[in-house]
Structures are given as structure tokens and as C-alpha cells.
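Biologist: Please take me closely through one part of this model, starting from a single residue and its neighbours, and then set that part against the salt bridges and the place where the chains meet.

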There are 2 protein chains.
Amino acid sequence: MDFSSFLVSLGTSFVIFLVLMLVFAWLSSNPGNHVIYYPNRILKGLDPTVGSRTRSPFAWIKEALSSSEKDVISMSGVDSAVYFVFLSTVLGIFVLSAVVLLPVLIPVAATDDGIKNAKKNDTLSVGTFNELDRLSMGNVNLGSNRLWAFLLATYWVSFVAYYLTWKAYNHISALRAEALMTPEVKAEQFAIVVRDIPPVPQGQTRKEQVDSFFRKIYPDTFYRSMIVTDNKEVNKLWEELEGYKRKLERSEAAFAASKTEAKPEGTKPMHKTGFLGLIGEKVDSIEFYSQKINELVRNLESEQKTTLREKQKNAAFVFFNNRATAASAAQNLHAKIVDKWTILAAPEPRQLIWPNLYIDFIQRQVRQYVVYVIVALMIFFYMIPIGIISAITTLNNLTKLLPFLKPVVNINAIKIVLEAYLPQLALIIFLAVLPNLLLLLSKSEGIPSEGHAERAASGKYFYFTVLNVFLGVTLGGALFKTFKDIQKDPNSLVPLLASSLPGSATFFLTFVALKFFVGYGLELSRIVPLIIFHLKKKFLCKCEADVKDAWTPGDFGYGTRIPGDLLIFTIGLCYSIMTPLIIPFSVIYFGLGWLILRNQALKVYVPAYETYGRIWPHIFNRIIASLLLYQLTMFGFFGVKKFFYAPILIPLPIISLIFAFICHTKFYRAFADTALEVTCNELKEVPNMEQVFRSFVPPSLSSEKVDDDQFEDARSQASRTGSFA
Amino acid sequence: MDFSSFLVSLGTSFVIFLVLMLVFAWLSSNPGNHVIYYPNRILKGLDPTVGSRTRSPFAWIKEALSSSEKDVISMSGVDSAVYFVFLSTVLGIFVLSAVVLLPVLIPVAATDDGIKNAKKNDTLSVGTFNELDRLSMGNVNLGSNRLWAFLLATYWVSFVAYYLTWKAYNHISALRAEALMTPEVKAEQFAIVVRDIPPVPQGQTRKEQVDSFFRKIYPDTFYRSMIVTDNKEVNKLWEELEGYKRKLERSEAAFAASKTEAKPEGTKPMHKTGFLGLIGEKVDSIEFYSQKINELVRNLESEQKTTLREKQKNAAFVFFNNRATAASAAQNLHAKIVDKWTILAAPEPRQLIWPNLYIDFIQRQVRQYVVYVIVALMIFFYMIPIGIISAITTLNNLTKLLPFLKPVVNINAIKIVLEAYLPQLALIIFLAVLPNLLLLLSKSEGIPSEGHAERAASGKYFYFTVLNVFLGVTLGGALFKTFKDIQKDPNSLVPLLASSLPGSATFFLTFVALKFFVGYGLELSRIVPLIIFHLKKKFLCKCEADVKDAWTPGDFGYGTRIPGDLLIFTIGLCYSIMTPLIIPFSVIYFGLGWLILRNQALKVYVPAYETYGRIWPHIFNRIIASLLLYQLTMFGFFGVKKFFYAPILIPLPIISLIFAFICHTKFYRAFADTALEVTCNELKEVPNMEQVFRSFVPPSLSSEKVDDDQFEDARSQASRTGSFA
């Protein structure tokens with residue numbers, strides 16, 4: 001890519017960004033679109049547009065800038081606040097680097113003549129060089145004393161990163177502690193999850209077993225327990241029931257709509273009961289659905305009873321009547337054999353993954369390692385599944401598998417297009433599916449909460465993108481050419497990486513610019529959700545609930561958002577010394593990101609769960625990984641530059657590791673466990689324990705009529721008399 | 001060493017053993033020696049010799065064999081019981097190996113002709129071969145199919161080891177749980193150690209700070225706290241006082257002794273106050289000492305006050321009025337910053353290392369790593385300090401440093417002897433000093449209890465002996481000869497080790513035999529302590545307390561005993577396949593050891609502390625390390641034997657690691673922490689909390705007159721008024 005095409009691409013992105021900004025300003029002022037641009041405020045029952053109606057189209061910028069961390073926490077939770085700390089930390093790293101690097105390194109590089117010399121001596125063979133390269137380290141002569149400036153800059157960037165991540169860790173620790181300390185009653189702070197309960201002893205029910213175990217240890221603070229059940233059946237019935245309820249609602253809405261017109265008595269909506277409503281008997285919809293609902297309610301009730309009675313598993317929730325005991329219990333070893341009665345602080349009820357609660361200890365361990373191996377294989381050999389998919393999706397195979405496609409495929413024009421695009425399509429589909437695949441894999445590790453599973457998936461995705469996008473693009477073909485050299489001497493990987501990096505600098509500059517101009521433009525303008533919403537509203541929504549479902553926003557999607565940001569961070573860091581020009585781009589990416597996402601956090605996204613900042617240690621580890629990659633790359637690059645003093649960089653990765661270790665020792669445990677100092681704070685009110693307990697009952701089991709204890713007592717009675725008989 | 005000299009050495013050792021057994025039988029029946037042979041029973045107030053006086057001289061064997069684990073625990077504590085489980089586990093491994101290996105491998109080896117062939121082809125260059133070697137794997141031809149038997153035997157021994165260590169871990173877990181569950185009140189189960197307390201806030205005393213922190217978290221169960229003080233001064237005064245008390249006692253005894261003779265009024269003992277009682281004023285001893293004691297008691301009291309008031313440190317003991325809370329508190333995170341308010345389950349008061357309690361968190365970490373580095377350097381380059389010592393202790397240097405030695409050294413005969421022995425002497429002194437040096441190093445890590453420090457020292461000593469004794473002897477000069485080859489290819493270390501091993505087989509056979517015949521003979525007969533006791537009694541002891549001090553036995557000395565046993569285990573294991581003849585020797589070592597040490601545990605040694613089996617995970621890790629060494633060595637040796645199927649052994653080390661990981665996950669935490677299930681058992685009586693508290697007050701501070709709380713209250717009053725002013 002030469003300089004002019006770089007500018008063209010930059011300009012195009014910028015124009016798109018401007019257009020999207022204007023589109024946003026115009027669309028968001030239309031009250032009909034408020035549900036798309038202010039859903040978080042609407043769902044919280046607030047006035048969508050703060051202040052007067054005749055606000056400036058750029059008022060959101062002022063609002064975002066003037067919002068405090070407290071506002072973010074109250075509108076979007078602690079996790080969002082932590083995400084902004086992350087953004088501002090990374091922004092700070094780039095700004096502080098820019099302050100020193102831009103005025104120093106660019107002049108030092110520009111006034112040298114390394115490229116000219118290289119051209120003269122014809123030692124320059126790889127890569128195309130252009131004006132941009134004159135401003136980069138590539139323009140410094142081999143072994144020149146000017147490299148000292150770059151070497152010191154490498155240290156400067158590292159220490160800036162240490163300082164700011166340290167501050168961030170400290171700040172987030174305090175945020176987390178404060179959030180856990182609030183006097184509001186949070187159900188999950190009173191509960192623990194108990195797993196791997198040993199088999200029920202003779203003459204006891206599961207509930208009695210759990211109760212007697214915990215009552216003995218916590219005689220004063222134990223409140224009650226709830227046995228985890230296998231809810232597969234009951235969930236299915238409940239979902240079916242909910243489906244019919246929605247259908248009934250729609251029929252009633254249609255009936256009501258028909259009434260208001262010419263015919264005051266209305267037309268009763270009818271439908272056919274067969275496949276897709278196309279065949280079968282024609283019935284009165286309202287009557288039919290009401291009948292179905294009655295039937296299902298009965299089925300559900302009996303299934304609820306069976307579930308509570310017979311599908312009890314070896315896991316339970318235990319509730320305590322104060323927070324400190326629950327926090328303490330979650331950290332304690334309870335049984336003398338570690339893999340029995342294992343305890344976990346309860347996650348929020350809404351993010352529980354029930355089926356994972358009753359997976360065995362051993363199975364969890366095995367699953368975890370199996371998943372790690374699978375993911376490692378996927379990261380290193382991700383071409384293989386794509387290859388397999390491509391192989392299956394070649395035209396010949398497709399026509400064999402799906403013979404009815406044959407006539408279509410045989411048209412020549414279509415054939416050519418398909419043959420050209422099928423492999424790329426396979427790649428695109430694979431990459432699109434990947435985050436969900438990783439989430440699925442993380443969940444199948446046996447992780448019991450959505451938040452934790454998303455964290456785990458996010459970590460996997462980070463390594464995937466860094467290895468495949470960043471290193472993949474950089475090393476590209478070079479790696480395969482010199483594969484034999486690497487086999488001979490694995491240490492040659494670092495200089496190879498270092499020498500391939502400069503060639504991709506312009507590519508990544510464009511990549512970052514595209515990401516922030518187009519990516520954040522789309523993010524702010526929400527064109528796609530808007531179109532989908534209006535389409536759905538027009539053609540699919542038949543009642544109020546349907547409309548609400550159509551506009552209800554998702555959450556931030558940290559699972560892909562954070563790895564994406566970290567990829568930009570890694571790229572920015574690795575190029576910061578080599579091509580300091582990348583720093584302003586990184587600054588814009590994180591600055592603009594902070595601004596636009598602040599708006600989205602305050603007005604759009606609704607968090608799906610709250611983990612009180614537990615994502616941070618993961619982000620921190622990835623930041624350290626990026627730092628290490630950066631330091632190793634720079635070490636290699638100084639070697640390529642034949643700089644005699646390159647070994648002065650050797651202490652850097654060691655310092656990074658020590659720094660990470662110290663942070664881990666000092667802060668980490670407060671993220672894994674809850675400090676008692678924090679939970680012993682006074683509560684605003686005496687907790688309503690019945691309500692705390694109820695909030696953990698899944699909706700499919702919480703019927704007004706069913707009182708689980710009643711049944712459990714009955715059962716315990718039965719089994720006791722059984723054992724006496 | 002040829003076969004006949006091997007037999008001679010074996011015979012000599014056996015004769016020494018027999019003599020020592022007879023000496024034991026004769027001496028132990030003499031009531032005057034009971035304090036040496038039955039001190040544990042005497043100190044526990046039991047009749048020294050169980051049963052009748054006219055017992056057979058070998059009754060101890062029957063007693064040892066018939067003693068149960070409960071007897072051991074009641075006489076010598078859980079740690080001793082764990083040590084016997086270790087001995088019997090290792091014994092079991094060798095017995096079960098012998099059952100298969102001896103009848104199979106020895107005939108397989110003996111009927112081949114590898115040595116003859118090797119001699120014929122002149123490929124045999126290293127090592128001397130004798131009759132013993134005909135019974136070992138060395139006699140099997142290279143690449144022969146007979147090696148299959150040895151390969152399968154390698155697996156057999158490994159699986160026997162897994163099975164028995166698993167059983168041992170399970171058993172010891174139960175032992176530990178049972179010991180912690182006893183209804184007896186143990187002071188340390190009610191206390192925790194708090195370290196890294198943040199600076200005292202304005203207007204509070206340290207005690208108020210600690211009390212309010214814990215009272216808030218444990219409102220119902222907090223009993224009281226005790227601030228750790230710097231006791232250096234007060235300890236010095238107290239020891240001085242105790243010394244004078246002893247001297248007074250001696251003088252009084254001397255006075256009493258003089259009375260009973262011709263002169264009924266007796267002679268008052270006198271002594272000179274100057275250097276060693278040789279110069280200075282002559283005074284009446286009783287009067288002088290009484291006066292000194294009065295003086296010191298006053299000094300001590302005022303120093304106690306100062307210590308309690310002004311030498312408070314940032315550590316404290318916190319007492320709870322039930323065991324479960326203390327156990328739970330020790331496992332919980334209390335402060336939101338992990339390196340503040342760090343908690344530790346309190347060790348027994350008697351094994352506390354006070355000065356280590358108030359070392360900072362960061363300093364502890366740094367010290368730990370510094371010590372690790374020092375020990376690693378010592379293990380790998382232990383010749384260097386010895387070299388330095390040797391250099392200093394050459395005659396020329398010695399005469400320079402200590403000129404008064406010159407006339408002695410210049411005598412020719414002495415000069416020759418000294419020149420020959422000084423370096424060896426340096427080595428012997430270094431090896432003798434080593435365990436204490438390692439203990440000192442472990443203590444300077446900041447470890448707060450004797451038991452833990454001894455465990456740490458024991459681990460270090462194990463690696464030292466295995467690396468320097470076992471590998472040192474085996475590789476010996478060979479390593480230096482081929483040092484360049486290893487530098488070129490580090491992987492060649494394993495085959496090198498493997499090919500040097502057979503040469504040292506006879507050496508180790510003799511070594512093991514010497515260890516058990518002479519070592520255990522001396523152990524049982526207690527010749528050395530007996531002689532020392534009688535000498536002391538005759539010449540040094542002047543009062544009853546002196547006599548008791550002279551016979552009071554030590555403890556088992558796990559710090560050196562366990563590494564010694566593990567060295568024999570490692571040797572036995574590594575040679576078990578190569579030279580199966582070593583197995584009976586190992587069996588005798590551990591069998592005889594079990595028997596003789598059982599006697600010592602029941603009758604002689606008095607444990608200095610009790611850790612409830614916390615040594616076991618360390619032993620377990622060392623067993624795994626030995627197993628890995630064995631498996632790697634065997635893999636290398638099959639390679640040397642040019643056996644094509646040697647790679648079949650590759651899974652073994654992996655299995656070992658997985659096995660260790662599973663055991664660690666399943667059992668370890670119950671050793672690091674106390675399971676709540678265990679502590680929530682009922683107590684025999686309501687604990688006397690005052691007594692629990694008092695037991696943690698060091699003797700130098702526990703004067704009847706000093707009530708620390710009184711002073712602390714006074715001080716808190718003062719500081720409060722101060723802050724109000």
C-alpha cells in the first residue's frame with residue numbers, strides 16, 4: 001500500500017464517520033427512534049432525552065464528558081465502570097507515550113538516511129517503503145547511535161504502562177470493594193453454591209443432609225438451603241407455556257384491533273393447527289391457546305412436583321442471614337477431602353448456568369483441560385477446521401449432499417461466483433461463529449455463571465486474535481518460507497517477527513483507522529439495530545410485548561469487545577517505537593471509543609449481569625501479555641538493527657513478570673474472594689430472607705401454588721418412616 | 001569394589017550391629033540408664049519399663065510390633081504417626097516390588113551373557129564388573145527381548161508406588177482430621193495470627209485498632225487480642241534471670257551437700273565475680289546470686305512494662321471463643337488489599353518464632369526468593385563455599401590469621417597431618433553444619449513457626465543430598481570428562497546418568513547396609529547420648545535441674561531424618577530394576593527402621609512440636625520427585641541398552657505428574673487449612689479462654705504482677721486524651 005492510497009482510505013473512513021455522526025444526530029432526535037437510542041434510560045423509567053427537547057445534536061458529547069463514574073455505575077453497573085477505567089488507562093498509556101515519543105523519535109528518524117543507504121547498498125529486499133517509513137525507525141542506519149533514543153523510549157513506554165496499570169488495579173479494587181459494601185441487599189451476597197455433595201446417607205433426604213451439615217457449622221447464621229434440581233423438562237414445559245401465552249396475547253391484540261374498525265363485534269382470529277399454520281383443522285385462536293395454556297399449566301405443575309421431588313442433584317444453594325458469613329463460607333474449606341462439599345460464592349441468580357452446577361468435581365477438571373487443549377489446537381491450527389469446511393463446501397460435495405441444488409449450481413455464472421467465494425465464505429462464517437463457539441466451549445468447562453463463562457471466552461478470543469490476526473498478518477507468508485530455519489533454531493522466531501513487522505505498519509495504521517471511524521460510527525449511529533427494529537415492528541410484532549422484545553438492547557458484549565480493544569492495544573504498543581505515527585491513531589481509537597461507549601453505557605446498553613469488576617484481572621493479564629510481546633519484539637528488532645546495546649532490553653520482560661506477580665499477590669485475591677472487611681458493613685434494612693431465597697428459584701419452578709418445602713418435608717417424612725419400617 | 005570386599009564390609013557392619021544390640025539389651029536393663037532409654041515414658045510420668053523387671057532383653061521388639069497407631073499418637077503425637085505411615089508406605093513399595101522383581105528379573109538377567117559378550121567385543125570400557133553384576137540388568141545383551149521384563153517391571157514399581165502413596169495420603173488425611181477433631185481444648189485452635197496490620201489511625205491504640213476491626217467482623221465470637229511485641233530485650237533479661245536462678249540453686253545444693261558431712265553447719269560456697277570465676281572479689285555465692293536475682297526481677301518488670309507499652313509491632317494474636325470461627329478466619333480474606341491484615345492459623349505457642357511474626361509482607365516475599373536463590377546456588381555449586389573454606393584454612397593462611405598457632409604448626413609431623421586433612425575436615429564440617437545452616441536460612445525467610453521452618457529446611461536438604469550424594473557419586477568424574485558434550489547437547493545428561501549408574505551399584509548396596517546396620521544400631525543403643533549423659537552427670541551437673549537437662553532427649557529431628565530416608569528411597573528406586581538385589585537391602589532398611597524408631601517414638605524421643613501431619617505433603621512431593629528421577633533414569637538406561645521399545649516408558653513421568661496433580665487437588669488444601677467440618681465438633685468442656693490467652697504469652701512476659709491489659713488501657717487513655725487536647 002503506498003502513501004496516496006493510505007490517505008485515500010483514511011479520507012474515505014473519515015467521510016463515512018462524518019456521515020454516520022450526522023445520521024445519528026438526525027435520527028436520534030426523532031422520538032419514534034428513542035427506543036433505539038435511549039433504551040437503557042427508558043427501561044430504567046427515566047426521561048429518554050435529558051433536559052429540553054430542542055437540544056443540540058451534539059449534546060451527547062457534553063453529557064458523556066461530564067458524566068461521572070458514579071453515573072456510569074448507577075446506569076450500567078460496576079463492570080461498565082471497570083471497562084472505562086481500562087479504556088482510560090490504555091488511553092493514558094498512549095498519551096503519555098506520545099508526549100515523549102512523537103517530538104523525539106520522529107525527528108531523530110526523519111533526519112537519518114537509513115533507507116537511502118539501504119537502497120544504495122541493495123541490502124533492502126523485503127517490503128515496499130514509502131514516505132511514512134521515513135518517519136519510522138526503519139530510516140535509522142544499522143547500529144547507529146540514534147538507536148539509543150528508541151531504546152530509552154522502549155523503557156519509557158513500559159514504565160508508563162506499569163504506572164498506569166498499577167493505578168488502575170488500585171482504583172478498580174476500591175471500586176469493587178465499594179460496590180460490595182453498599183448497604184443495599186443483594187441476594188447473591190447472602191448465598192453460596194455447594195457442589196459435590198456426597199451421596200445421601202441412609203434415612204435422610206438430600207435437604208436434611210445439607211441442612212444438618214451447615215447448621216452444625218453455622219448454627220446462628222444458617223438460614224435455609226435449596227437443592228439444585230435438573231430442570232431440563234420443566235424448563236421446556238415452561239417455555240412452551242410462555243410461547244402460548246405470547247400467542248394468546250397476540251390473538252387478543254388482533255381481536256381488539258379488529259373490533260375498533262367498521263365491525264364493532266370484531267373478527268375472531270382463526271388459524272390452522274398443522275405445520276406452520278398451513279394445514280390441519282381451523283380453530284378459534286383465542287379459545288385454542290387458552291385451552292393449551294390450561295393444559296400446560298397442569299402439566300407444568302405436576303412436572304414441577306416431580307422435579308422438586310425426584311430430580312434433585314448433588315448441588316445446593318445455602319442461604320445465610322448475613323453477608324459476612326456467606327462471604328466467609330465461600331472461602332472456607334468445609335470437608336476434609338477437598339473434592340467434597342466444594343463451595344463457591346453464589347453468582348447473581350440471573351447469570352446462573354443451572355446444568356453446570358451439578359457437574360462432578362473430577363468431570364469439571366477433565367472438561368476444563370479438554371477444552372483448553374481444543375482451544376489451543378483451534379488457535380494454532382485454525383486453518384484446519386476451515387479447510388475441512390471448505391472441503392465440504394466445494395461445489396461437487398455440496399451437490400452430492402444436497403442434490404436439489406444441482407439445477408441452480410449448474411448455471412455457469414452462479415457456478416463461477418460460488419466457486420470463487422465459497423472458501424472465503426467459510427472463513428467469514430467461521431470467524432463470525434468463533435466468539436459463540438468459544439463461549440459454548442467455555443460453558444462446557446462446567447463454569448457455573450454467565451459472567452465467568454464470558455470472561456473465559458474473552459481470554460480465549462484474545463489469544464486467538466493476537467496470534468492469528470496480528471502475528472498472522474505480520475509473519476504471513478514469511479513464516480512458511482523460512483519454516484525450515486525456524487525448525488533448526490526456534491530462537492530465530494523473534495528476529496523473524498521483528499524483521500517482518502515494519503512491512504505491515506501501513507496495513508495496521510489503516511486497520512486501526514477503519515476500526516475507529518467506521519466501527520465507532522456504526523456503534524454510535526446504531527443503523528443496523530434501527531433498521532432491524534423498524535422491519536420487525538412493521539412485519540412481525542403483533543402485540544406490545546413483541547415490540548418491546550424488538551427494541552430491547554443487548555449488553556456491551558465484553559466477550560468480543562475487550563479482545564478487540566486489546567488487539568488494538570497490542571498493535572499500538574508493538575509499533576509505538578518502530579512507527580511512532582501509530583500512537584495518535586491509537587489515541588483516537590481509545591479516546592473516541594471512551595466517548596462513544598460512554599454514551600452507549602449511559603443510554604443504550606443494559607448489562608446482562610454484574611460481576612463487580614471480576615473481568616479486570618483477566619484484562620490485566622492480557623495487558624501484561626501484550627507488554628511482553630512488545631518487549632520481546634523490540635528486543636528482536638534492535639537485534640535486526642544490529643544495535644550492540646540491545647541486551648540492555650533483557651531486564652524489561654523480567655521486570656514485567658515481577659510487576660505482574662506483585663500486582664497479582666497484592667490485589668488478585670480480593671477479586672476472587674470477597675474481603676470480610678467489606679461485607680461486615682451495616683445494611684440499609686433487615687434483609688427479607690424469604691425474598692432472597694425466592695430470587696434464586698428459577699422462573700420455571702416458581703409457581704404460586706408450589707411450595708417446595710412442603711413437598712420436601714413430605715418426602716423427608718416418607719423416607720424417615722421408610723427407614724424406621 | 002570387588003565381591004569379596006563387599007561381603008567383608010557387609011559382615012563387619014552386621015557384627016557391629018549385633019554388638020550394639022547386645023550392648024543395648026545389657027545397658028537398658030540397668031535402672032540407672034532408664035533416663036536415657038525411657039525418657040519419654042519418664043517425662044509422661046509412666047513406669048519406664050512396662051511390665052515386670054525380669055523382662056527379656058528383646059521384649060522391646062514385641063512391644064514395638066504390637067503397638068498401635070493410637071499408642072504412637074498418644075506417646076509421640078500425630079507427626080510421628082505420619083512418619084511411620086511414610087516408613088510403612090515405602091516399605092510396602094519395596095516389598096510389593098520385591099515379590100515380582102526378585103523371582104522374575106534375577107533369573108532373566110543371570111541366564112543371559114551380556115557381560116561375556118561385551119568383554120569379547122571389547123565394548124566394555126567403563127566400570128569394573130563382578131559376580132553381583134551378573135544378577136543385574138547389565139548382564140542382558142543390548143537390544144535383547146529379555147528387556148521387556150525389565151520394562152514391564154518399571155511400570156509395576158511405578159503403579160505400586162502410586163497405589164500405596166494414594167492410600168497413605170488418604171490415611172494421613174483421616175489421621176489429621178481426627179486429631180483436629182478431638183474434643184480436647186487446644187489453645188492454637190482458638191487463635192489466629194494477624195500480620196501486616198496497617199499503621200495505627202490517629203487517636204487509637206494498636207489494640208483498639210485490632211479489636212475494633214475484628215469485633216466488627218466477628219461480633220459474637222471475638223474474644224480478645226494480643227499485640228505482638230519486640231521481646232529481644234526482655235528475653236535477654238529473662239534468660240539472665242533464669243541463669244542466676246539456676247546458679248543459686250546450684251550454690252544451695254552445694255551448701256546442702258556440705259552440711260550433711262562432718263561439718264553440720266556446712267561451708268557457704270564462695271566464688272570470684274571476675275572472668276570465669278578466676279579473678280575479682282570473692283563473694284558468698286548464695287547471697288550474691290539472691291541479690292542479683294532481686295535486681296534482675298526489678299529490671300525485668302520495668303522492661304516488661306516498656307515492652308508492652310512501647311515495643312508493639314504490626315502483628316497480633318486474635319482469640320475467638322470457638323474453633324470453627326478461628327479456623328474460618330484463618331482462611332478468609334479480611335482486607336480488600338491482600339497484603340494488609342494477612343491471617344495465618346496460629347501455630348502452637350511453643351513453636352512460635354516471635355521475631356518472624358512482625359516481618360513485612362513485601363520483605364517476607366523478598367526474603368523467600370533470596371533464600372531460594374542462595375539455596376539453589378548452594379546445591380549446585382556447593383564446592384565453592386567449601387573451596388573458600390579450604391582456601392582460608394590452608395596452613396599458611398591459618399598461621400597468618402592466628403599467629404599464636406605458628407610454633408605448633410611448624411612441627412613437621414603435625415604439619416603433614418594437617419595439610420592432608422584440612423580440606424576433608426572443611427568438607428565434613430560443612431556437611432555437619434549444613435542442616436543447621438538450612439534451618440537458619442529457612443527461618444530467615446520469615447516463617448513464623450518451628451515446624452514449618454523444619455519442613456522447609458528438610459525439603460532443601462533432600463534436594464541437596466539427592467543432587468550431591470546420589471547424582472554426585474554416580475556421575476562423579478564422568479560428568480567433568482564429558483562436560484563439553486553436555487554443553488553441546490543438554491539432553492545427553494539422561495543417557496550419561498543412566499550409563500554411569502550401574503558402576504556405582506555396589507557402592508550404594510554397601511552404603512544402604514552401612515546405614516541400617518551401623519546407623520540403626522547406634523540409634524537403638526544410644527551409646528553417644530549415654531556417654532555424654534554420664535560425663536555431664538559426673539563433672540558438670542550440680543543440681544537436680546542440671547541432671548534433668550542432661551538426659552532430656554531431643555525430638556526425632558525430621559529435618560535430617562526424612563531427607564536421609566528419602567535418599568535411601570531414591571537410591572532403592574533408581575536401582576530397583578537395574579540391580580534388583582538392592583531391593584532386599586531397602587526392605588531391611590525401612591523394616592528395621594520402622595521397628596527401631598517405633599521403640600524410640602514410644603520410649604525415647606519427645607516431640608518438640610505438633611503440626612498434625614503437615615509434613616506429609618512435603619514428603620509426598622519428594623516421593624514424586626524420586627519417582628520422576630527413577631522413571632527418567634530408566635528411560636535413559638533402556639536407551640543405553642539400545643532397546644527399541646524404550647519410548648513405551650514416556651507416558652510414565654506424565655502419569656506421575658497427573659497423579660501428583662490429582663492428589664494435590666484432592667487432599668492438599670485440607671493440610672494447609674483446617675476443614676470446618678472437623679472443627680465444628682463438640683468440645684469436652686467449655687474452653688477456659690483466659691487460659692488459652694495466657695498460653696500464648698511468652699514466659700519472659702508472663703509475670704504474675706504484670707497485667708498487660710491494665711497498661712494498654714492506661715495507654716489508650718493517654719493517647720485518647722492526647723488526641724482530644
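**One residue and its surroundings**

Modeller: If neighbours within four places in sequence are left aside, A:A545 is in contact with A:R246 and A:E249, where contact means heavy atoms within 4.5 Å. A:A545 itself lies in helix α24 (residues 544–551) of chain A, helices being DSSP runs of H or I with at least four residues, and strands DSSP runs of E with at least two, numbered from the N terminus. By contrast with those contacts, A:L628 is 83 residues from A:A545 in sequence and 50 Å away in space, C-alpha to C-alpha.

Before going on, please note that this is a predicted model, in which local features need pLDDT of at least 70 and side-chain atom pairs count only at pLDDT 80 or more, while totals for chains, interfaces and linings use all residues. Residues are numbered from 1 along each chain as its sequence is written, chains are lettered from A and ligands numbered from 1 in the order in which they are written, and side-chain values use heavy atoms, with hydrogens and water left out.

Now to the salt bridges, of which the structure holds 31 over all chains; each is a side-chain nitrogen of Lys or Arg within 4 Å of a carboxyl oxygen of Asp or Glu. In chain A, the side chains of A:R561 and A:E523 meet in one, at 3.0 Å from N to O, and this pair links distant parts of the chain, with A:R561 in helix α25 (residues 558–576) and A:E523 in helix α22 (residues 505–525), 38 residues apart. A:R561 is buried, with a relative accessible area of 16%, and A:E523 is likewise buried at 12%; buried here means under 20%, exposed over 50%, and partly exposed in between, with a 1.4 Å probe and protein chains only.

In chain B, the side chains of B:E63 and B:K603 form a salt bridge of 2.4 Å, N to O, which links helix α4 (residues 59–66), holding B:E63, to helix α26 (residues 582–603), holding B:K603, across 540 residues. B:K603 counts as buried, at 5% relative accessibility. Returning to the surroundings of our starting residue, salt bridges that share partners join A:R246, A:R250, A:D546 and A:D549 into one network.

Lastly, the two chains. Chain A and chain B bury about 3100 Å² between them, 62% of it on carbon and sulfur atoms, buried area being the accessible area (1.4 Å probe) that two parts lose on being put together, summed over both. On the side of chain A, A:L333, A:K336 and A:E677 lose the most area to chain B, together 21% of what that side buries. The contact takes 36 residues from each of chain A and chain B. Two salt bridges are counted between the chains, and A:K666 forms a salt bridge with B:D339, the closest N and O atoms being 2.8 Å apart. Several helices of chain A, among them α8 (147–181) and α28 (651–672), each supply at least two residues of the side that touches chain B, and α28(A) gives the largest share, seven residues. That side divides into 19 nonpolar, ten polar and seven charged residues, with Ala, Val, Leu, Ile, Met, Phe, Trp, Tyr, Cys and Pro counted as nonpolar, Asp, Glu, Lys and Arg as charged, and the others, Gly among them, as polar.
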